[in-house]
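Fancy a few warm-up problems on reading a fold? Grab your viewer and work through these, with solutions to check yourself against.

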Amino acid sequence: KDEVMKIMPVQKQTSAGQRTRFKAFVVVGDENGHLGLGVKCAKEVATAIRGAIIAAKLAMVPIRRGYWGNKIGKVHTVPTKVHGKCGSVAVRLIPAPKGAGIVAAMAPKKILKMAGIEDVYTCSTGTTKTMGNFIKATFEAAKNTYTFLTPELWKETRFTKAPYQEYTDFLGVKN
């Protein structure tokens, strides 16, 4: 499932005036822990959207989900507090209890819904009016769910004996 988040005209000043192109932000998600963000600029809107969808599909990342409180039922929220930043916009995702819903502005709500997160509190600072940065910051925060190492992701350690402990019988023999 994909969603066009924003289409904005961008201009470059040339000797003959301005050259206008269109920048498209597209989010792709399966609502089951996978999310992709694509940004593309093109002369025509349709071309920009098509390119952004391809870019989003190529930039798919896994989104880790967890529980708030007891591990009952299926995963529904973010596992820990995570944050993402782009430009002046900083977005923080905070785990929420079941039934809380996605407490966020419209843009992050759409993104987090596509990631398969059902309950989350959000906190954002900076100029969230710049939609491009707001979208990128939310995507980075969601992406950071897998960068946080928690005990269930630890590798099982195999303890080896210290050399003195291992060869104690050999070392204890008098020649």
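Here are four exercises, each with a worked solution, on this predicted model.

**Exercise 1.** Work out the strand order of the sheet and which strands stand at the edges.

*Solution.* Start with the order: four strands run β1-β2-β3-β4 in an open sheet, with antiparallel pairing. Now look at the ends: β1 (2-14) and β4 (61-62) each have a single partner strand, so one side of each lacks a neighbour in the sheet. Then zoom in on one pair: β1 and β2 (residues 17-29) are joined antiparallel over 12 bridges. To check the register, find V10, whose bridge partner in β2 is R21.

**Exercise 2.** Find which strands helix α2 lies across, and its angle to β1.

*Solution.* Pick out residues 106-115, which make up α2. This helix lies across β1, β2 and β3, and it runs at about 130° to β1.

**Exercise 3.** Test whether the span of helix α3 agrees with its number of residues.

*Solution.* Count first: α3 (residues 131-143) has 13 residues. At 1.5 Å a residue, the expected span is 1.5 Å times one less than that count, which gives 18 Å. The end C-alpha atoms are 18 Å apart, so the two agree. While you're there, note the buried residues of α3, including F134, I135 and F139.

**Exercise 4.** Say what stands out about the phi of E31, and whether E31 is buried, partly exposed or exposed.

*Solution.* Locate E31 in the loop between β2 and β3. Most residues other than glycine have a negative phi. E31 goes positive, near 60°. Its relative accessibility is 37%, so E31 counts as partly exposed.

Notes: Residues are numbered from 1 along each chain as its sequence is written. This is a predicted model: local features need pLDDT of at least 70, side-chain atom pairs count only at pLDDT 80 or more; totals for chains, interfaces and linings use all residues. Side-chain values use heavy atoms; hydrogens and water are left out. Two strands pair if DSSP finds at least two bridges between them. Helices (H or I, at least four residues) and strands (E, at least two) are DSSP runs, numbered from the N terminus. Contact means heavy atoms within 4.5 Å. Axes are lines fitted to C-alpha atoms, for helices over the stretch in contact, and angles run from 0 to 180 degrees between N-to-C directions. Buried means under 20% relative accessible area, exposed over 50%, partly exposed in between (1.4 Å probe, protein chains only).
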